[in-house]
Amino acid sequence: MAVSLRSHEVSDLCIGKPALKSLPLSATAGDALLALKKGGDTCLGVSAADRSSPERKLIPGKLCVVDILCFLCVDENLVSPVDALKKPVSDLLPKDVALVRRVEPHSSVLEALDVILDGAPCLVVPIRSGGRRKLHHHSAATASGGGAEFCWLTQEDFVRYFFDSIAHFAPIAAHSVSSLGLVRSDVLAIQYDDAALNALPLIRRALADQTSVAVITDDGKLVGEISPSTLAACDETVAAALVTLSVGDLMAYIDYCGSPPEATVRAIKARLREKGFKGMLELIEEELFSPLCSSSSSEDEEPAGRKLRRLRSMGMRRSSEEATVCYSESSLVAVMVQALAHRVNYVWVVDEEDYSLLGIVTFADVLKVFREQLGRPQGI
């Protein structure tokens with residue numbers, strides 16, 4: 001088993017993957033938002049030239065809609081989202097964390113996995129032929145040539161890889177997640193009646209950890225979640241909902257994204273006026289993006305409401321109340337099946353009797369189990 005899996009290369013995981021799309025560091029947050037809305041991508045790479053070798057391409061980070069929503073909700077940007085969206089995308093990237101690491105296509109899958117387990121949220125892999133050195137990772141991804149393209153590799157790709165070889169991991173795959181020590185109790189959670197704005201730092205953390213924010217009752221029962229992947233299917237008006245609604249009302253707004261009830265829209269507008277957020281009011285009234293959309297929109301661009309329905313029909317977009325759950329005695333393979341089927345990187349663990357939230361199982365911890373089964377990590 002170990003010999004067979006160790007012989008596989010990163011390129012095996014890249015088969016059929018599209019080239020990632022990217023924007024230059026000089027692009028604005030508004031440029032990124034429009035590109036994400038028009039292109040239908042879940043995230044974009046941020047590209048830059050390598051100072052030491054200008055012909056090489058760097059991918060120092062990545063952005064998604066949730067990054068922009070959180071950026072708009074920062075205190076200094078609430079007053080004027082227009083000005084915030086004119087700021088460069090470099091302002092949205094964390095200064096002290098490497099969001100992207102590079103691995104070469106001929107690196108082994110296990111070498112790449114060790115980079116993921118070392119804390120890299122995602123990897124980029126060159127997918128064009130050319131003179132490449134076997135340089136396993138950098139703090140920012142660099143291409144060997146100006147024309148090189150990349151694809152993303154995520155935790156999900158590695159979990160799917162091991163799931164496809166799950167027969168090799170008997171009997172571990174049949175063990176319960178609790179017996180394997182996979183149930184984390186340190187979850188990101190907020191109560192249903194709390195102000196949605198209080199969830200903002202938790203959403204940022206969930207985005208970085210590739211998890212979600214649990215929504216619970218006063219007595220700790222799970223009633224839903226605020227998932228970054230769910231927010232990413234919405235439009236920029238969610239920022240206005242974030243700063244005015246309760247957590248429960250935000251969940252409902254997200255589920256209606258693209259066509260929220262008029263009563264909810266009126267309530268958001270009234271609260272924005274009360275708070276003096278005139279710029280955010282423009283956002284929800286669709287005045288902010290009207291000049292941008294008129295010059296850049298396409299007849300083929302998919303409306304948010306239609307996109308939401310399409311993603312739900314494909315099983316890729318769930319209601320905020322449809323959190324994926326398991327029990328402490330659920331097997332590792334059963335949890336993997338649930339997570340992969342729902343395209344999430346985690347599964348909530350609840351009590352079988354009263355649905356109390358007990359913890360969370362994450363892909364990051366699942367991958368550690370498989371790595372341990374294949375021997376101690378080797379230095380890269």
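This passage describes the overall make-up of a predicted protein model, its nonpolar cores, a small sheet and a network of salt bridges.

The model is predicted, so that local features are reported only at pLDDT of at least 70 and side-chain atom pairs only at pLDDT 80 or more, whereas totals for chains, interfaces and linings use all residues. Residues are numbered from 1 along each chain as its sequence is written, and side-chain values use heavy atoms, with hydrogens and water left out.

The secondary structure of the protein amounts to 17 helices and 13 strands, where helices (H or I, at least four residues) and strands (E, at least two) are DSSP runs numbered from the N terminus. Of the 380 residues in the protein, 49% are buried; here buried means under 20% relative accessible area, exposed means over 50%, and partly exposed lies in between, with a 1.4 Å probe and protein chains only. The accessible surface of the protein, computed by the Shrake-Rupley method with a 1.4 Å probe, is about 17200 Å², and carbon and sulfur atoms hold 50% of that surface. Among contacts (heavy atoms within 4.5 Å) with a separation of 6 or more, 68% join residues that are 24 or more positions apart.

The largest nonpolar core, a nonpolar core being a set of buried Ala, Val, Leu, Ile, Met, Phe, Trp, Tyr and Cys residues joined through side-chain atoms within 4.5 Å, has 66 residues, of which Ile 203, Ile 226, Leu 272 and Met 280 touch the most other members. Helix H3 (residues 65–72) gives the most to this core, contributing seven residues. When neighbours within four places in sequence are set aside, Met 280 is in contact with Leu 72, Leu 78, Pro 81, Ala 239, Ala 240, Val 243 and Leu 272. Another core lies apart from this one and has 51 residues, among them Val 109, Ala 173, Ile 360 and Phe 363.

Three strands form an open sheet of mixed pairing in the order E11-E12-E13, two strands being taken as paired if DSSP finds at least two bridges between them. E11 and E13 stand at the edges with a single partner strand each, so one side of each is left without a neighbour in the sheet. Strand E11 (residues 325–326) pairs with E12 in the parallel sense over two bridges, with Cys 326 opposite Val 349, and the two strands make a right-handed β-α-β unit together with helix H16 (residues 332–342). A crossover counts as right-handed if, with the strands pointing away from the viewer, the path from the first strand over the helix to the second runs clockwise. On its other pairing, E12 meets strand E13 (residues 357–362) in the antiparallel sense over five bridges, and Val 350 stands opposite Leu 357. E12 and E13 form a hairpin with six residues between them, in which Tyr 355 in the turn has a positive phi of about 65°.

In strand E12 (residues 346–350), five of five residues are buried. In a regular strand the side chains alternate between the two faces of the sheet. Both faces of E12 are covered, with Tyr 346, Trp 348 and Val 350 buried on one side and Val 347 and Val 349 buried on the other.

The protein has 14 salt bridges, each defined as a side-chain nitrogen of Lys or Arg within 4 Å of a carboxyl oxygen of Asp or Glu. Arg 184, Asp 186, Asp 365 and Lys 368 are linked in a network of such salt bridges. Arg 184 and Asp 365 form a salt bridge in which the closest N and O atoms are 2.4 Å apart. This pair links distant parts of the chain, 181 residues apart, since Arg 184 is in the loop between helix H7 (155–163) and strand E8 (189–191) while Asp 365 is in helix H17 (residues 363–373). Arg 184 also meets Asp 186 in a salt bridge (3.5 Å, N to O). Lys 368 in turn forms a salt bridge with Asp 365, with the closest N and O atoms 3.6 Å apart; Lys 368 and Asp 365 are three residues apart in helix H17 and are therefore separated by about one helical turn. Within the network, Asp 365 is buried at 8% relative accessibility, Arg 184 is partly exposed at 33%, Lys 368 is partly exposed at 37%, and Asp 186 is exposed at 52%.
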